[in-house]
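Thanks for sharing this one with me. My notes follow as numbered points, so that you can go through them with the model open beside you.

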Amino acid sequence: MRSARQIAARILERQRDAASPAAIDAVLAKPPPPFVTLENWNLWHRRGWLICPATRDLTCSDSACGIGGKCKRLAEIGLAGDGSPLRRKDRPRCGAWTRTGAPCLVRVEPGKRRCRFHGGLSTGPRTAEGKARIAAAQRRRWAEWRAAALLRRERRSRHP
């Protein structure tokens, strides 16, 4: 399997050759390499630039990063180049300062810059609409739980 750097070098080499539209269409007929999105594959061959999956801006500064194989910006928030979560041991450390004055060594939550203890997980709804939505969901949940408990009680009373 080729590395992202080798793939980027090969693509750059093809771009320098100023291929004809027929040659570009022939390349685009083949599937892109692993971890390279179809959108980036088409943009690279047609226009010579890419979209960074982390920021949705044009072209990362690193060509190996830019094709989506090893996006450094996504790795900082615990995601692989294709946007999927990294394994816990591959994610970066939180680094928030703890009460003891040392940096936190817990791994970040996927898609966040901090661990679950330092702001990586949700703290709940903040707006009135969000609080109302949560309250309605809790009322539904408890109504279902009470109905299930009532059924369990009836079954127990029928079968001594």
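1. Trp142 is a good place to start in this predicted model. Its relative accessibility is 38%, so Trp142 counts as partly exposed. Trp145 comes out at 48% relative accessibility and therefore also falls in the partly exposed class. Both tryptophans belong to helix H6, where they sit three residues apart, or about one turn of the helix.

2. How many aromatic pairs does the count come to? The count comes to one. That pair is formed by Trp142 and Trp145, with 5.4 Å from centre to centre and 70° between the planes, an edge-to-face arrangement.

3. A word on confidence, while we are at H6. Helix H6, covering residues 128-158, has the highest mean pLDDT among the elements of the protein, at 93. Helix H4, residues 63-66, has the lowest, at 56. Across the protein the average pLDDT is 77, and 64% of the residues score at least 70. I would keep these values in view when reading the other points.

4. Now the overall make-up. The protein has six helices and zero strands, so to speak of its order from the N terminus is to read α-α-α-α-α-α. Of the 160 residues, 27% are buried. The accessible surface is about 11,600 Å², and carbon and sulfur atoms account for 55% of that surface. Taking the contacts between residues at least 6 apart in sequence, 26% join residues at least 24 apart.

5. The cysteines deserve a careful look. How many disulfides does a search of the whole structure find? The search finds zero. For Cys104, the closest cysteine sulfur is that of Cys115, and the 3.9 Å between the two sulfurs is too far for a bond, because a disulfide needs the pair of sulfur atoms within 2.5 Å. Cys115 is in no disulfide either, and its nearest cysteine sulfur, in Cys94, is 3.7 Å away.

6. Are Cys104 and Cys115 buried or exposed? Cys104 has a relative accessibility of 7% and so counts as buried. Cys115 is buried as well, with a relative accessible area of 0%.

7. Gly95 ties in with the cysteine point. This glycine is found in the loop between H5 and H6. Leaving aside residues up to four places away in sequence, Gly95 touches Pro103, Cys104 and Arg114. Gly95 is partly exposed, at 31% relative accessibility, whereas its contact Cys104 is buried. The C-alpha atoms of Gly95 and His118 are 9.4 Å apart in space, although the two residues are 23 apart in sequence.

8. Helix H5 spans residues 72-76 and includes Ala75. Which residues does Ala75 touch, not counting those up to four places away in sequence? Ala75 touches Leu86 and Pro92. Its relative accessibility is 31%, so Ala75 counts as partly exposed. Between the C-alpha atoms of Ala75 and Asp90 there is a separation of 8.8 Å, for 15 residues along the chain.

9. Helix H2, residues 21-29, has a buried side that is easy to describe. Its buried residues are Ile24, Val27 and Leu28. Looking down the axis of H2, these buried residues fall within an arc of 95°, so they line one face of the helix. On the face turned away from that buried side, H2 carries the exposed residues Ala22 and Ala29.

10. Leu28 gives a closer view of H2, the helix in which this leucine is found. With a relative accessibility of 15%, Leu28 counts as buried, because the buried class takes values under 20%. The C-alpha atom of Leu28 is separated by 7.6 Å from that of Trp41, and the two residues are 13 apart along the chain.

Definitions and conventions. Residues are numbered from 1 along each chain as its sequence is written. This is a predicted model: local features need pLDDT of at least 70, side-chain atom pairs count only at pLDDT 80 or more; totals for chains, interfaces and linings use all residues. Side-chain values use heavy atoms; hydrogens and water are left out. Buried means under 20% relative accessible area, exposed over 50%, partly exposed in between (1.4 Å probe, protein chains only). Helices (H or I, at least four residues) and strands (E, at least two) are DSSP runs, numbered from the N terminus. The arc is that of the directions from the helix axis to the C-beta atoms. Contact means heavy atoms within 4.5 Å. Accessible areas come from the Shrake-Rupley method with a 1.4 Å probe; for residues, only the protein chains shown count as cover. pLDDT is the predictor's confidence in each residue, from 0 to 100. Rings of Phe, Tyr and Trp (its six-membered ring) pair if their centres lie within 6.5 Å; planes under 30 degrees apart count as stacked, over 60 as edge-to-face and the rest as tilted.
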